[in-house]
Each structure stands twice: as structure tokens, then as C-alpha cells.
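Please walk me through this structure in the viewer, one selection at a time. What should be selected next, and what is there?

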Amino acid sequence: MKKTKTTDTATSLTQKILEQREKNFPVNLKIQRSSQRFRRLSTEEVYRTCDQKLVEIDKHKKSEPNYDIISQVRAVRAINLGLGIQKPGYNIYVAGVQGTGKTSVIRSFLKKTAERCPTPGDWIYVYNFKNPESPHTMELKTGIAKRFKKQMDELMEQLTVELVDAFQSEEYETNVNSTVNASNEKKAKLFSELEKAAKTKNFGVKSTRMGIVTVPIIEGKPLSEKDYSELNDEQKEKIEAERNLLEPEVLDFARKVRSIENDTKNKLEELQSELGDYVVSQALIPFLKEYESQKNVLEYLDEVKKHLLENLNDFLPDEDDSETEGEESVAPTSYHLKKGDPHLPYRINVFVDNTEIKGAPIIIENNPTFYNLFGKIEKNIEYGVYTTDFKMIKAGSLARANGGYLVLNALDVLRAPQVWDTLKRVLKNQKLFIEDLGEQYSILATSGLRPEPIPLNVKIILIGSDWIYRMLYQHDEDFNKIFKIKADFDAQMDRSQKTIQDYVEFISTRTKVENLLPFDESGIAAIVEFGSRIVDDQDKLTTRFSLIKDITIEADFMAKESKSKKVTRSDVEKAVEERYARSSAIEDHIIEMLERKDIIISTTSRRVGEINGLAVYSLGDLSFGVPTRITCRTYKGKPGILNIERDASLSGKLHNKGVSILTSWINANFAKKSPANIAATICFEQNYNGVDGDSATLAELCLILSTIANIPIDQGIGVTGSVNQFGEVQPIGGVNEKVEGFFKTCKLHGLTGRHGCIIPVQNIKHLMLNREVREAIEKEQFHIWPVSKVEEAFELLTGFHAGNWDEKKSRFEDGSAFDKIYKMLHQKSEEKKAKEKNVRKKKSVRKTKVTNKKPVRKKIAK
């Protein structure tokens, strides 16, 4: 009964408003006045307050901070499914608007899941003795890589000392000397035998650097070159003949000496190898025991041993070192640049170290560039030349997340060059290739390192908007194969007792974490109401908790500024107002233009061909409503409705659709028997940036109808609403901004008690108007009228009865506005019919006269 009384009071108030309008702006038309009972919304209907009794603060005063996920059941289930399925392609795309806590939720989920997973092993790169350009990769047990690297470095230092000591030992030198002496004795014996043979032929033998030289002997004395030149030809021929007989023995001597030297060299190398093998084998014994369970390490150590034995001289001092020792002390870096690291092939590059990781690794990459994500091969410049080696291979996020989880931002990945395509290739092949991006763009082919790929087992969580998900799903055929799970975060949740308590718990947590003042019941209730305003719905709350967190921080500042001990409703409302004011510079400029009448808007008159539509300006961080003057002119011409915005390319697709719909409705209602002769133009005045959306369809339709009938429209009423082909009013977006924007304009011109807005009836539940508008509604200075049909809006705007169609008479009710419109639209057609009827009648009369006339007989003269 109470509700009925309130409705009756609102209806009678509307009737008074219409009567007052007729007194102030009388319209003398022979049309029935509207007798419809219009609904006017009360203050309670335009804003849903939060009952402070539902806010139970005491439960959370002493509780620990709670980081549980709030009202994202669908997304949580999808994430659990994606993390639980360990198969290729079951990576997760997390979709949703910014601020819904996607990253925080993922981090929380991954932390719990990763703790139950085994910690992956370490990865190292080592020298590839068979193919140095392709460094070899090895997986070690967790925490082994750094120790193995240190052990190999210590091994090199140990061998450097022990090999030098071994090769400088008395025993080794004795064996070497013994071998060399035995060789020298054999060569001396052979030389002595050669001397005896040469002496029998009157020749002496001399050993030089050029080899064995035979010298002729005459009369017991060696013959010099000068003496030899003084001999006659006969003597020379005799000496050469003897020399030729001696030559085979000299050649045999040389052959035997070479054989002795080769044998000696082999024996020395064998001695060196045996000693080196002993020293190296003894040094490797601890390694073999420690890593006996890791086959890949044992294989690597075997290759290291072979390479060491083949290059033992790298560990021994060169003869040149003693000569250049003084120079090295003067310029120590020159030797390093010239020689490099002599033990580089035996070094270890710790590529991924999971020593500090407990469970599976979780990597959140905030800057997914190519090198940050996939790794890189660094380079040094030496003497103007780029140099690199396997120790300069560095891991990226994918390698560090191997065996665990990698979280990426979709937009950042798509922005970075080559990242998206490379990521798809890596996930499809499940192998990580370390590549040099510069080589791919180089004109000339260059040689460089080609590290062996690493087997990849990582779960990718890609966070982005729903728009990016749809774009990738439709245009990238690989996307749905590698991201099979979509976790969709909702931007809103039901407003219920439970969700209100979730808000209370969230605010309590933020209060403790951010060290804020405590919130009282009124402050929390105000934040709950703010949560409904964000989503423009009395029955919903936002899940964009980043905004709620910001408001709690700003409200805390307001409370501390006023030296309060608690955060109350007034602090929250002030924080919301200042948050709005910080971004409202453009809106203030527009209001100033309205006040100065630079933008022409009337709110205190009744006019034909004009109506106040309501539009919303969205500037990213702020949306605000502004009334827009829509005009219409009718004329005699080609039938049709001309959309001036469309001709000027300022109209969007949805607005064009709205104009087509209202054209369809007019034809369906006023051209049932014959075409309607309507020629009209509609225009959004002072619109220079374009218009889109169909929320002005109701205003445009009422405007065209009133213009045809020459019935003025009340400019103090703003209109918003979409219309379908059956004349049903449909809900629109931004209803709060539109109403508040029109209210500000009416306030500039002075509130008369007749101002208000017409909105679709479905938008009542979306109203969460600010305090100033609510107070004006309470004082009956401003009004909100919900409508469900075009006829309701028309009668409210004009004050005249629209009229219903009479199927029997095939016309609208006599004296109704629609009857007048129908006659106006068919006036030309009726005149044409009457004219044609008169023509037919005249022709019929003329024909009758000709038929009834007596024939005249002419006399013929004889």
C-alpha cells in the first residue's frame, strides 16, 4: 500500500508539472491532452544505499590479512584446469579488464601450485670438442651447476701446478735424459762408423745445420774450397768419383739418424702422455666418484681428459715466456688479449642455476624483449673485432622458467619485434634456441655460435584484454593450439550479503597492509556504493579492486587531513569527488561554454524542431554527460529522412542503424496503406567530432513526430534511449553520466521544478546518481521519468495524447497527435486522390451529355 501511495504522489506531481507547463507555455492545438499516468522515480529508486547493518567490522578487526580471490569462480576453475593439465598446448590466457587483480591472483595460484612441484635441474653450457661452433648443453641436478663450475676451475689450477711439477720432476727428467742420451749414443756410433768409411776413401765427415758434409783429404789435410778450386780437372773428377761412392753410406746414415730421432720423439711423447695421463687421472678421481650417477657428466669428463692429453703443452711454460717475462710485467693485459684464456675449453657456463628455488620456478617478465625472453649471446670488442665464446651465452626468462611457470603481458609481447612469432615456434617445438637477433637482420651472412637447443617444459600464462584474445583467436591460427585455456575475469559481481562482507574483508586487509586509519561502518558502506557506481548497477559490485584500494588510500588521506581517527562516509565521498575533479578540466570548459552560450542549449522553453538529447564523452579516466541540441526540419521533397551527420561522414555505424530503425517505425505506423510523404533532415548541432551509438534514437523519433505535427517539445526534459522497430524503448549505457550532465546544464539556467530526464525503464536498476542530483529529486526540483514505449515519451514531451490505431476504421483516434501526423503525411496523397476523383467525375458527366444529345438531321437541297 505504501508503494502505491508513493507512485500516486509521483504521478500527481507529474500532472502538476504538465499543467504548469501549459500555463507558462500555452499551445493552442485542437488535439487531445495526454491523460497518461507517468511514473516519476523517487530518491530511493535512483540510488541504492548500503545498509550499515550489513557491514560487520568486528569480525575482521583482529584477523590476519586475507588475500583470497573474491568472486571469480569461472576464472579460478579455468586456472586450476590449466595448471593441472601437464600437456603441450595447455597454456593459459588470462582475460579481463585492468584492475580486476589478474596478476595478483595468478601469482597467488602459482605460489601454491609451485610449492608442490619438484625443483627443476640446473643447466650449463660447455665447450663442444667435436664442433666448437655449437656449444653443448647439459642438465645437472639442482644446485650442482655452480659447484661443478668451481670444481672445474679448481681442476685447471690444480693441473697447471701438478703438471708443471710432474714434468719438472727428477724422475721424469732422468727418463727424458736417459732416452735422449741413448739416442745420442746411437747417433754418435753411427757417425763414427761413417767417419771410418769416409776415411778409407780419403774423405772427412762434418755435421752442419744443412746436414752431413763430406770433405776431401789430401796428404792427411782437409781440402779447403780455395785449394779445391786450384786443382786440375782430372783431380776434381777423381775426388767426385770417390764422393759418389761415399754418398750411399751418407744417405743411409741420415736415414738411420732420422729413425733414431723419431723413435726418441715417440718415446718422449709416450713418457709425457703416460705422466700426463697419470696426473690427470688422479685429479679426476673425485669427479668420477661424485658424478657416477650422471652419465652426461662422465661423458663430458672423458672428452675433457682426451682433450687435455692432446694439449698438455698448454699447461707447461713456453720457452718464450721466460724471455718476455719482463715485458709482461710492464703490460699484463697485452698477453691476455693476445693469448686469451688458455683453459677456456674446460670452463663451465652456468646457464640456469636453481639453487635458491624451492619448487617450480615462477618468473614474471615485465619487459619481454627478444633477448630478455629468449636469451642472448654477448660479444666483446678486441682490436675492433667482435669476439664471443660459449661462456657469453646468457639465459632469458624462458630458460629460467623452464620446469615452471612464466607470466607475460600480452600487449608487451605483441609490441616487441619478433617476440610473438618466436614464442609460438618455441612452444610448438618445445625447444629453446639461443639466437642472435642481429644476424637475422644482417645483409651479409656471418659466422657465430649456434648453441644446442634446450628441451623446454614451461607453462605460459599470458595476461591481456578480452579484445586481444578475440583478435588472436580469429587471426592467428596457431593461437588456439598453444593457448587452449582461457581464464576470463569478470569485472563485476552480485551485490549480496556475502560480497559486501568480501568488501569489508578486503578493506580490512588493505587497512593493515597500507597502514591506514580504520574505516567505520559508514565509510565502508560508502565504498560499497562506490563499487556499484563504477559498474552502473544497483545490484552489482565492481571486482576492479585496484580502484577500491586507491579509494581507501585517498579516503585515508582525507581523514588524516581533517585530523579524524576513523575514515567515515564524508571522507570517502570527498575522495571520490576530488578524484572526479582532478580529471574534469574538459567538462568544466564545456560547462563554461554552456554558461556563456557558446554552446546553444535551451532548457526553459517549448520549441518545434528541437530536442535535448544526452551524450557521453569518454576520455579514458573520465566519462561525463553533456546535452546535445538535436534539430529537425521537414519540407516538401523526395520522401525520406536525411541524416546530416552521415552525409558529413560524422556518423558512426550504430547511429546510422538507429536512424534506419526510426525510419522503419514511422513507415510501419504511418504508411500502412500508402507511402508516407515524409521529407525531413535531422542534425546534431555544433557537433564537430562525430557521433555514434543508438541512444539518441528515441529523442530523434519524438523530434521528427513533433515537427511533422508542428507540436512543440519541452526543452527542459532531456531524452535518452534506444528504440527497436516495434517502438519499444531499449536500455542504453552511461545513464548516470547523462542524467548528471543534463542536471548541471539545467542548474546553470536555474532549476524551475519542471526539469528532468526521460530514460528507458530498464535503466532504473543502473541509476546510482550523485548526492546533488538526489537532493534535487528529493526537493522536487528535478525528475526522472522511465518509459517503455515511444508513445509515453512523446506524450510527456508534448503533453498531447499520441493516439492508438483503429484497425476497423484504418486510422488513428480522432483528435490525437498521431492522427494529425497521419493526415499530414498523407495530405498530398489525399489531395491527389480527390483530384483524380474530380477528373473522373467530370469525364463521366461529359460522356453522359454526349450520349443523351439528339441527332441533328440536315436537309439536302435538291
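Begin with strand S1, residues 92-95, and add S17 to the selection: the two run parallel and are joined by four bridges. To find one of these positions, pick Ala95, whose bridge partner in S17 is Asp488. Bear in mind throughout that this is a predicted model.

Next, widen the selection to the sheet around this pair. The sheet is open and has five strands, ordered S8-S13-S16-S1-S17, with parallel pairing. Its edges are strand S8 (362-364) and strand S17 (485-488), each of which pairs on one side only. Looking across the sheet, neighbouring strands are turned against each other by 20° on average, direction ignored.

Now select helix H2, residues 73-84, which packs on this sheet. The helix touches S1, strand S13 (405-409), strand S16 (459-464) and S17. Compare the direction of H2 with that of S17: the angle is about 155°.

Move on to strand S24, residues 679-684. Is this strand enclosed or open to the outside? Six of its six residues are buried, so S24 is largely enclosed by the rest of the structure. Show the side chains in two colours: Ala679, Thr681 and Cys683 point one way, while Ala680, Ile682 and Phe684 point the other way. Both sets are buried.

Keep S24 on screen and add its pairing strands. Strand S22 (residues 623-634) runs antiparallel to S24 and is joined to it by five bridges. Strand S23 (residues 640-643) pairs with S24 in the parallel sense, over four bridges. Centre the view on Ala680 in S24: Thr634 stands opposite this residue, and Ile641 stands opposite it as well.

For a stop at the surface, select Ile586, Tyr617 and Leu619, which make a nonpolar patch of about 260 Å². Tyr617 lies in strand S21, residues 610-618. How does Tyr617 count in terms of accessibility? Its relative accessibility is 37%, so Tyr617 counts as partly exposed; the range for that class lies between under 20% for buried and over 50% for exposed.

Finally, zoom out to the whole chain. It contains 31 helices and 32 strands. Of its 862 residues, 45% are buried. The accessible surface comes to about 48100 Å², and carbon and sulfur atoms account for 50% of that. Among contacts between residues at least 6 apart in sequence, 78% join residues at least 24 apart.

Notes:
Residues numbered from 1 in each chain as written. Predicted model: local features only at pLDDT ≥ 70, side-chain atom pairs only at ≥ 80, totals over all residues. Heavy atoms only, no water. Patch = residues over 30% accessible without salt bridge, like charges linked within 9 Å, V, L, I, M, F, W, Y side chains within 5 Å. Areas by Shrake-Rupley, 256 points an atom, 1.4 Å probe, with all protein chains shown as cover. Salt bridge = Lys/Arg side-chain N within 4 Å of Asp/Glu carboxyl O. Buried < 20%, exposed > 50% of the residue type's maximum accessible area, 1.4 Å probe, protein only. Pairing = 2+ DSSP bridges. Axes fitted to C-alpha atoms, helices over the stretch in contact; angles between N-to-C directions. Contact = heavy atoms within 4.5 Å.
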